[in-house]
Amino acid sequence: MALRSWVPVIVSAIVLTALAFYVQAKLVVRSDITDFLPEGQDRRASQLLRELAESELARTMILTVGGPNTGAAIQGTKAFGEQLSHDPDIAWVRSGAPEGIQNAAHDMYFPRRSYFASDRPEEELPHRLSDEGIRESLQALKLALGGPLGPLVRALAPRDPLLLFLAGIDRLRAAQDDSLRLEDGQLVTADGLHGVIFLGTRAGPFEAEPQARVLKAISAAFDGVNREAGGVLRLESTGVNRFNLAAQQSISADIQRVSVVSTVGIVVLFLLVFRSIRYVALGLIPLVAGTICAMAAGLGLFGSIHGLTLVFGSSLIGVGIDYAEHYFVHYTVSRDSADPVTSLLRIWPGLVLGAVTTVAGLVGLAWASFPGLREMAVFSTVGVVTALLSTRWLLPPFMPRKPKPVRLQQKLSALLGRAMLAMMRSRRTVLLLPVFGLIVCALGAPRVRWVDDVSALIAVDPALAAEDVRVQSRVQRADPGRFVAVVGRDDEAALAKNDEVVRRLRAAVKAGEIETFHSAHDLIWSADLQRRSHEMFTRDPTLPARFEAGLMAAGFVPSAFRPLDESYGAEGPGPLTLEELRQSPLVDLVRPFRVVLGHDVALVTTLGGVRDLRTIAARLADLDDVFVLDQRAFLQDAYGRIRTRTLEMIAVGLVVVFLIVHLRYRRVRLSLAAFLPAVLAVATTLAVLALFGSSLNLMHLVGVLMVLSMGADYAIFVVESRDHPEELGATLVSLIVAMLSTVLSFGLLGMSANPALSALGITAALGTLLSVVFAPAALVLLREAPTE
Amino acid sequence: MSRLAASGLIALALGVAGPARARQDAGAEASSPRNIATLDGLLARFRAIPGLYARYREEKHIALLAEPIVSEGTIHFAPPRKMARHARTPSPSHIVLDAETLRFSDGTTTQQIDVGANPVVRALAESFLDVLAGDRAGLERSFFVDFHAGSGERAPSWKLALVPKTPALLSVLTEIDFEGDGLVVSKMRIREASGDEGVTTFSDVDVAHRYSSEDAARTFRVDP
């Protein structure tokens with residue numbers, strides 16, 4: 001081999017090494033569904049969901065410690081919480097009333113009692129401050145003085161005779177979930193048999209490594225506490241991190257298992273077919289080069305790579321190994337192979353056409369308005385083109401000068417060549433194959449059902465799901481994933497919108513549309529609303545005198561009270577701000593409601609007992625930047641749109657592919673022979689899955705794109721060999737090797753317990769198998785004149 | 001809230017501290033002068049009672065009001081640490097202290113306080129339980145205890161004064177005085193730091209009252 005032919009190898013090795021370092025240093029994998037959503041209102045909502053997915057809310061874990069009795073549960077939970085609070089991966093632990101919360105609440109709300117007198121001040125306060133209202137209030141005060149809270153009321157009444165502060169505290173208490181109570185300083189469940197701990201992790205819920213450390217630390221801390229307690233305690237917990245980690249571990253385990261088996265299988269297959277380890281190593285070159293360049297391009301253009309892009313793109317780049325296999329088979333089987341380069345050049349037009357059609361199929365995706373699909377198209381295009389160029393420039397220098405003939409290959413090639421001739425002689429029999437495929441398609445088409453529910457892509461451990469239900473039911477009443485969010489440019493703007501949302505949600509509760517809701521409004525109102533409430537006490541100059549008369553009439557000693565205008569009319573510290581709350585010991589109470597969205601602030605209201613979310617959405621429809629979200633339905637809708645758009649783009653891509661193929665062959669029948677097998681293989685595959693009762697999801701679609709790409713290549717390789725019967729056998733051998741390697745790599749995923757991997761694996765395996773069957777049949781049926 | 005909790009317990013104290021007159025069938029030994037001439041003797045007898053039921057009448061003298069507030073109802077105690085006060089007039093209200101949880105209702109809403117979460121509240125709650133449970137050490141943890149026994153053949157009189165030890169408790173409460181005859185507390189006076197005062201007298205007291213499990217479930221429960 002001339003020294004000149006090594007130049008591309010050396011240059012490529014340097015470039016690829018540099019790019020590999022670049023990828024390693026810069027690699028960031030995203031998982032935001034927002035990348036697959038169009039711009040506009042939906043995108044804003046999806047940004048909100050993304051922020052929520054990383055927010056304090058999603059980083060919060062709930063742990064319950066069950067014991068034989070309340071005392072044991074409390075003691076165990078306290079010790080457990082104490083240990084967890086020292087863990088460096090845990091940001092905060094809450095298992096009781098935070099220190100200082102009681103005095104902080106008093107110090108913040110008592111001086112502002114008139115600011116929080118009513119959140120409908122214009123409707124409620126005029127009556128409250130009328131003579132009749134004052135009489136009613138003083139009667140209530142009298143009863144309260146003699147009631148269980150009498151001593152407290154006596155202390156507060158001189159400066160708060162309308163008991164506004166206690167009413168505010170009652171409002172706060174009513175807003176708290178009654179599923180939990182405090183006992184001996186520890187949160188316990190209503191049955192008293194479980195202590196409860198809330199904790200926030202420093203890392204986001206999707207960061208596998210730190211979350212694995214957190215779960216390990218929790219387990220270790222509990223084991224120690226439980227040992228001390230004599231083994232009578234039971235820990236149950238829930239959190240996004242647990243589900244995510246379990247899913248990741250399950251997928252990793254599946255992929256590792258499949259990788260080992262498929263690697264061994266492919267090595268054995270290559271050794272069997274080529275009798276040399278050299279081809280195994282060479283086959284990896286286009287794959288590795290394609291993946292490195294695709295990742296580098298993705299990172300360079302987009303800054304990070306989406307997880308779905310990696311899955312989809314890597315699958316497509318996998319066709320790169322087919323180019324190498326096709327080349328290896330032709331080089332080792334064909335008798336006239338003078339040298340590696342000449343042999344490659346003979347099949348080069350077919351390889352180029354295969355790669356071009358693959359890239360063309362992605363053109364539609366690149367034009368899509370979804371940024372994620374554009375990224376997929378760019379990633380895959382770069383990967384496939386690199387794999388093709390690597391096959392052309394990097395493999396020949398490493399090929400043996402005189403390939404050792406392999407008997408199995410030669411026998412198989414001869415056998416398949418004869419079979420091809422036999423098929424050409426009995427075209428009617430061959431016709432049965434596509435007819436059979438079409439019948440299956442006709443039967444299966446009505447049963448095809450697309451499922452866009454994200455949960456269909458995730459295998460949730462039933463034990464984990466049941467534990468989640470148990471823990472959630474012990475501690476809260478809100479419906480998971482259903483909420484209203486208001487977005488404002490700052491806290492004050494968001495609070496103002498939140499005031500209005502709460503007013504309407506109260507009407508919804510009254511109308512029976514929801515059972516309950518929890519909002520930051522329980523803790524704070526907008527400054528404007530607070531001021532309006534306060535100002536109602538300063539408007540009427542007769543109020544102090546009327547109030548004093550009311551005191552006399554009700555049997556009170558007026559001199560024991562401060563004048564009403566001093567108690568409620570003084571400016572005081574002014575409206576309470578969200579920032580003040582966040583800087584106070586009450587921060588834990590407000591934390592779950594506030595999410596920062598870039599430069600904006602969102603306030604989240606959780607909903608409980610929702611009858612029909614659409615009625616809530618209708619109530620809030622005219623409010624700007626107010627979102628009624630059902631996380632599951634939203635993602636389902638988003639995935640549905642991705643699926644629909646991808647299907648449309650595949651259709652566009654197929655038209656482009658046909659035009660390119662036709663440009664090469666110029667004859668419709670030949671063009672169809674190169675085009676139809678993959679289409680029929682895909683349709684038949686989906687129909688078979690439907691007939692077996694499988695519902696189809698996004699990962700089946702990824703499999704479809706793979707099969708279309710590979711299937712088109714297979715058919716093109718066959719059509720390219722149409723005038724060389726001696727090569728047809730070798731081509732068919734290469735197709736079988738390619739198909740087997742696909743089955744070994746992706747087909748094994750079909751046995752995965754993970755629905756996403758299983759969907760991809762089954763579609764890829766069955767689709768490539770059918771492509772290999774339909775490709776020669778199409779040539780036999782569609783070429784103009786059979787060749788003997 | 002701490003102040004809230006403290007106030008609830010004072011109210012509870014007004015109701016549950018003692019019975020006015022023991023039933024005639026209270027055992028002679030229980031009220032023997034030899035046994036209750038000392039604080040330890042009195043507390044030992046309290047430790048032996050199977051339960052307590054009494055009616056009460058409370059007068060609260062409050063600086064804010066020209067006239068005192070009068071309330072009436074019943075009190076209940078079941079060992080080891082359950083107490084309840086159910087007010088009938090001037091408006092229905094209920095207070096129940098069970099172990100470390102105080103629940104109370106004013107007839108419309110029910111609230112709950114974790115007694116263990118606040119030292120002041122805990123001291124108040126446990127002091128009254130300690131009297132009825134006969135726990136001197138518990139009493140002396142938070143109060144200076146002053147006991148004087150008087151004379152009487154079958155039911156000698158006595159006085160017990162509890163003065164808070166800590167400034168925190170003193171900021172709420174000045175003193176609790178009990179007066180009793182034999183096993184029976186006839187009067188209880190609570191002086192609050194604000195100057196207000198509550199005087200409670202007891203009647204129809206049964207210091208041998210046994211609560212069946214059904215009775216206990218009904219009595220030591222707070223409904224709105």
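When I speak of buried area this morning, I mean the accessible area that two parts lose on being put together, summed over both of them. With that in mind, please look at the structure above, which is a predicted model, and at the place where its chains A and B meet, because buried area is defined for just such a pair of parts. Between chain B and chain A the buried area is about 2700 Å², and carbon and sulfur atoms give 61% of that area.

Let me stay with this interface for a moment. On the side of chain B there are 34 residues in contact with chain A, and on the side of chain A there are 31 residues in contact with chain B. Two salt bridges are counted between chain B and chain A, and one that you can find in the model joins B:E192 to A:R154, where the closest N and O atoms are 2.1 Å apart. The count of residue pairs in polar contact between these chains, with both residues at pLDDT 80 or more, is four. Which elements of chain B give two or more residues to the side that touches chain A? They are the helix α1, residues 2-16, together with the strands β4 at 93-98, β5 at 101-105 and β6 at 110-114. Of these, α1(B) gives the most, with seven residues. If you sort the residues on this side of chain B by kind, you find 13 that are nonpolar, 11 that are polar and 10 that are charged.

Now let us take each chain as a whole. Chain A has 788 residues, of which 55% are buried, and it holds 30 helices and 13 strands. Among the contacts in chain A with a separation of 6 or more, 83% are between residues 24 or more positions apart. Chain B has 224 residues, of which 54% are buried, and it holds seven helices and 11 strands. For chain B, 54% of the contacts between residues at least 6 apart in sequence join residues at least 24 apart.

A single pair in chain A shows what separation in sequence can look like in space. A:G265 is in helix α10, residues 240-274, and although A:G265 and A:L744 are 479 residues apart in sequence, their C-alpha atoms are 6.3 Å apart in the model. A:G265 counts as buried because its relative accessibility is 16%, and the cut-off for buried is under 20%.

Next, please find helix α21 of chain A, residues 543-553, in which A:L543, A:F547, A:G550 and A:L551 are buried. Why can we say that these residues are on the same side of α21(A)? The reason is that they cover an arc of only 100 degrees around the axis. The other side of α21(A) has A:A545, A:M552 and A:A553, which are exposed. The buried residues of this helix pack against α6, residues 131-146, and α22, residues 564-569, of chain A. Just after α21(A) comes A:G555, whose phi is positive, at about 90 degrees.

Another residue worth finding is A:S114, in the loop between α4 (101-109) and α5 (121-128) of chain A. Is A:S114 buried or exposed? With a relative accessibility of 3%, A:S114 counts as buried. A polar atom of the A:S114 side chain lies 3.2 Å from the backbone oxygen of A:Y568. Beyond its neighbours within four places in sequence, A:S114 is in contact with A:L164, A:S533, A:H534, A:F537 and A:Y568.

I will finish with the backbone. In chain B, a cis peptide bond joins B:P79 and B:P80, with omega at about 5 degrees, and B:P80 lies in the loop between β2 (69-78) and β3 (82-89). Another cis peptide bond joins B:T89 and B:P90, with omega at about 0 degrees, and B:P90 lies in the loop between β3 and β4.

In chain A, A:D625 is a residue other than glycine with a positive phi, near 55 degrees, and its place is in the loop between α25 (613-620) and β13 (626-630). A:D625 is partly exposed, since its relative accessible area is 23%. A:R666, also not a glycine, has a positive phi near 65 degrees, and it is found in the loop between α26 (631-665) and α27 (668-691). With a relative accessible area of 62%, A:R666 is exposed.

Notes:
Residues are numbered from 1 along each chain as its sequence is written. Chains are lettered from A and ligands numbered from 1 in the order in which they are written. This is a predicted model: local features need pLDDT of at least 70, side-chain atom pairs count only at pLDDT 80 or more; totals for chains, interfaces and linings use all residues. Side-chain values use heavy atoms; hydrogens and water are left out. Contact means heavy atoms within 4.5 Å. Buried area is the accessible area (1.4 Å probe) that two parts lose on being put together, summed over both. A salt bridge is a side-chain nitrogen of Lys or Arg within 4 Å of a carboxyl oxygen of Asp or Glu. A polar contact is a pair of N or O atoms within 3.5 Å; within protein, one must be able to donate a hydrogen and the other to accept it, and residues adjacent in sequence count only if both atoms are side-chain atoms. Helices (H or I, at least four residues) and strands (E, at least two) are DSSP runs, numbered from the N terminus. Ala, Val, Leu, Ile, Met, Phe, Trp, Tyr, Cys and Pro count as nonpolar, Asp, Glu, Lys and Arg as charged, and the others, Gly among them, as polar. Buried means under 20% relative accessible area, exposed over 50%, partly exposed in between (1.4 Å probe, protein chains only). The arc is that of the directions from the helix axis to the C-beta atoms.
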